[in-house]
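I opened this entry to note what I looked up, point by point. The structure comes first, my notes after it.

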Amino acid sequence: MLYLELLIQGLVQGGIYTLIALGLTLVYGLLRILHVAHAALFTLGGYLGVILTNATGSLALAMVVTMLVTGMVGMGVYRVAYQPILDKPPYVALIASIALFIASEEIYRLIFGPYGLSYDAPPLQGVIDLLGSGMYLKQAELLVLLGTGAALVGLHLLSTRTRIGIAWRATVTDPEMAASFGIRTQRVRYLNFFIGSALAAAAGVMVALLNNLVEPTMGSVPSYKALAIIVLGGIGSIRGTLIASLALGVIESFGTIYLGSLLDRDAIAFAFLILVLMWRPQGLLGRA
Amino acid sequence: MGYEITLATSMCISVVFALSLNLITGFCGQISLGHAAFFGVGAYTAALSSKAGLAFPLDLLAAAAAAAVFGFVVGLSSLRVRHDFLAITTMGFGFLFLGVVRQQDWLGGEMGISAIPGSGLSKLGYLGFAAAVAVAVALFSAYLKRSWLGFSFAAIADDEDTARVVALDVARYKLLAFVLGTAIAGIAGGLYAHHVRFISPDSFGFVESIAVLSMVIVGGIGSVPGVVFAALVLTALPLWFQVIEDYKLLLYSALLFIMMQLCEDGIGGLMRRLTQGRRRTT
């Protein structure tokens, strides 16, 4: 029973990780940038979600608007922060990204205050009896699992069934060749940042639902853990990202119970990361 | 006056710490996002060994040795993974270090270690000692950069595969860079432990690793005078910014961001361009 509960908690956490890490892995696959500031968009999503839900009373509406707005902010981040320094060494973009992330935390603190915000009437807090087995799942947790699934199916359909999706995959595989076939790679990059940021925003809204709290520093753990996940999964691989996210969620959830006296949550995650990388330096599903 | 001395001592320790990372990342091209862990290993070793009765300058050697042992182990990972993967792996080691320290009672756990014995020197004397160490490390770095060893490091930083083709023992040099760099970081950590006399896991986290990496990059990766200058300024900057209290970190990060957009090769690069410009005009 305990095992099953831990497993489900781990999968919920893993779902959140997936939504955040997908955007990051898309950015890395396309531009080879470790986009730390991605977590800033996750936090922005959390704040917008809470504020809009409180203002309109509708979580669904807030979710849609939040994803659209954050997606556009994400495109702005690409235009302002990354596009001018694409041809410089990779650590330049990394440091610029970290600087942007620190600045964003400060901006949230100055605008929204240091103590965070909550939902006036937190939605989806009811519990569902799972299969009548006495296992309970919060509605919000179910939303995370369904949302992650929907995001993956959506991404799959987009990348295999639409023209822009095919252009996207072509650009990831070989940007120069794609450009010579008339694909506007710039457009693909904007799309990439839009989708990735919108997914991170959705994760932010969901985390706000799970904790009923958004605060300026809520992005600091995802900022580094999502990096670990995309490396673990094999960079640029969506399937690898999914597996790594879920594995990490479950391992953390079991690890904090059984190894908690030895290591804390982050250390368990990173011990796992180091072990996997020493065994497969290219990540779980990465190509050598 | 006491405040200025404390600040100046912190600046000297930062110089030692930043130069230690410059040796690994700047000279040998191995990016590290977990360097604060070695600073931490040094600080904990110095704190515990001096509490156990080891006399002051000797416990710094113990700190260097302990950090170098951990540096060797982490360096082994650089033989397996490269570039961004290495950055994430070293970041992982940083979190692993923190996670272990937080859960171990004999290391003080979350509470850290307090009442670390002082150096036995006066405040001014300790500043002199820290400054001497900083100067020594800077001279050693400058010497190293021009030596054959530094030349090999540069070759590896430039293109590892080519370095291997011309029969450089890449693995050995990388490990050597890690051992040297982390040993110096350990000394910096030891100096820090005797300086503040209280250490806790919070002083050796991810933020500190980022801070020291930004010193190296703002200084101009690999440039010894640039990194020294950046370490001095970036340590003092947040304190100068005290006046604007609430906007301190915002301004700091904005400066870093603009620096990356406008001159990514840092202060060292600026100096190089100035001197080269002058040469061209004559």
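**Chain B, overall.** I counted secondary structure in chain B and got twelve helices and zero strands. Helices and strands here are DSSP runs (H or I of at least four residues for a helix, E of at least two for a strand), numbered from the N terminus. Along the sequence, the pattern reads α-α-α-α-α-α-α-α-α-α-α-α.

**Ground rules.** I am reading a predicted model, in which local features need pLDDT of at least 70, side-chain atom pairs count only at pLDDT 80 or more, and totals for chains, interfaces and linings use all residues. Residues are numbered from 1 along each chain as its sequence is written, chains are lettered from A and ligands numbered from 1 in the order written, and side-chain values use heavy atoms, with hydrogens and water left out.

**Size and packing of chain B.** I checked the radius of gyration, taken over C-alpha atoms, against the globule rule of 2.2 Å times the number of residues to the power 0.38. Chain B has 19 Å, which agrees with the value near 19 Å for a compact globule of 282 residues. Its C-alpha atoms fill a box of roughly 55 × 45 × 30 Å along the principal axes. Of the 282 residues, 57% count as buried. Buried means under 20% relative accessible area, exposed over 50%, and partly exposed in between (1.4 Å probe, protein chains only). I also looked at contacts, meaning heavy atoms within 4.5 Å. Among those in chain B with a separation of 6 or more, 78% come from residues 24 or more positions apart.

**Two residues inside chain B.** I picked Ala47(B), in helix H2 (residues 36–51). Ala47(B) is buried, at 0% relative accessible area. Beyond residues up to four places away in sequence, Ala47(B) touches Ile113(B), Ile116(B) and Ile199(B). Next I took Ser152(B), in helix H6 (residues 148–158). Ser152(B) is buried too, at 8%. Outside its neighbours within four places, Ser152(B) contacts Leu168(B) and Tyr173(B).

**Where the chains meet.** How many residues of chain B are in contact with chain A? I found 34, against 45 residues of chain A. The buried area is about 3600 Å², with 75% from carbon and sulfur atoms. That area is the accessible area (1.4 Å probe) the two parts lose on being put together, summed over both. The rule finds one salt bridge across this interface. A salt bridge is a side-chain nitrogen of Lys or Arg within 4 Å of a carboxyl oxygen of Asp or Glu. Arg102(B) pairs with Asp264(A), with the closest N and O atoms 3.8 Å apart. On the chain B side, helices H4 (83–103), H9 (206–219) and H11 (248–262) each supply at least two residues. H4(B) gives the most, with 13 residues.

**Salt bridges elsewhere.** I get ten over all chains. In chain A, Glu252(A) bridges to Lys225(A), closest N and O atoms 3.0 Å apart. Glu252(A) sits in helix H10 (residues 238–258) and Lys225(A) in helix H9 (residues 220–233), 27 residues apart. Both are buried. These two join Arg265(A) and Asp266(A) in a network of salt bridges.

In chain B, I noted Glu160(B) with Lys174(B), closest N and O atoms 3.0 Å apart. Glu160(B) lies in helix H7 (residues 160–165) and Lys174(B) in helix H8 (residues 170–196), so the pair ties together parts 14 residues apart in sequence. Glu160(B) is buried at 9%, and Lys174(B) is buried at 2%.
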